[in-house]
Amino acid sequence: MKNYIKILVPTIILSTSIAFAQDTVKASEIVRENVTEYEIVEKAIASETRIYEETIATYPVAFDSEDKYDLNQERLIVSPILETTFKLDTNKDSNFEREITINYTKPDNFRYDFMLTRNGLNVWCTEKGMSVKEIHMIDAYNNKKKVNKLTKKGMYNIIMSNNDVYEIEVIDMK
């Protein structure tokens, strides 16, 4: 009888823990996000002008759907999602005259360069032979309008010299 109890108790514990573990697994793909980078940069362009830049990088990590329910799942690491706030002070007081917050996925093969002015946010790229060919603003009706810089809230398509299209969203503008 003692032998049966020695086998029965661990079996019951194992089966209940497996049953609870099976209930917590969802049918959809599991996605976890970890904020791992936070960067603040302040630049002085002229004697009276300064630009404050604050970047938060979120690294989404997704598990491979082929490894679902495996103990050691392969993680797919994708490009970070960057939320950057630019503030412009043109007269060296405590108030910023212009502020813009953008959200975009960091491209794998190049890096954007931004310059905040009184009229809007300039976007360009000069790395590895890449350059910004056109910027299109997308309105609520999904119409595209060619613009020179980011000036209003909304979605923008950045068309590069190799015709790749990237999106930048202007979240907040003051």
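Colleague: Let's start with one residue. Which strand does Asp 89 lie in?
Modeller: Keep in mind that this is a predicted model. Asp 89 touches Glu 48, Thr 49, Arg 50, Asn 95, Phe 96 and Glu 97, leaving aside residues up to four places away in sequence. As for its own strand, Asp 89 belongs to β4.

Colleague: Is Asp 89 buried or exposed?
Modeller: Buried here means under 20% relative accessible area. Asp 89 has a value of 0%, so it counts as buried.

Colleague: And which residue has its backbone nitrogen 3.4 Å from a polar atom of the Asp 89 side chain?
Modeller: A polar contact needs N or O atoms within 3.5 Å. The pair at 3.4 Å joins the side chain of Asp 89 to the backbone nitrogen of Asn 91.

Colleague: Moving on to the largest nonpolar core, which strand gives the most to it?
Modeller: That core has 27 residues, and Ile 100, Tyr 112 and Ile 168 are among those touching the most other members. Several strands supply at least two residues each, including β2 (50-63), β4 (81-89) and β11 (165-173). With four residues, the top contributor is β11.

Colleague: What does Tyr 112 touch, not counting residues up to four places away in sequence?
Modeller: Tyr 112 is one of the core residues that touch the most other members. Beyond those sequence neighbours, its contacts are Tyr 104, Pro 107, Val 123, Trp 124, Ile 158, Tyr 166 and Ile 168.

Colleague: Where does pLDDT stay under 50?
Modeller: Across the protein, pLDDT averages 80, and 78% of the residues score at least 70. One stretch stays under 50, with ten contacts beyond four places in sequence in the model: residues 19-30.

Notes. Residues numbered from 1 in each chain as written. Heavy atoms only, no water. Core = buried A, V, L, I, M, F, W, Y, C linked by side-chain atoms within 4.5 Å. Buried < 20%, exposed > 50% of the residue type's maximum accessible area, 1.4 Å probe, protein only. Contact = heavy atoms within 4.5 Å. Polar contact = N/O pair within 3.5 Å; in protein donor to acceptor, adjacent residues only side chain to side chain. pLDDT = per-residue confidence, 0-100.
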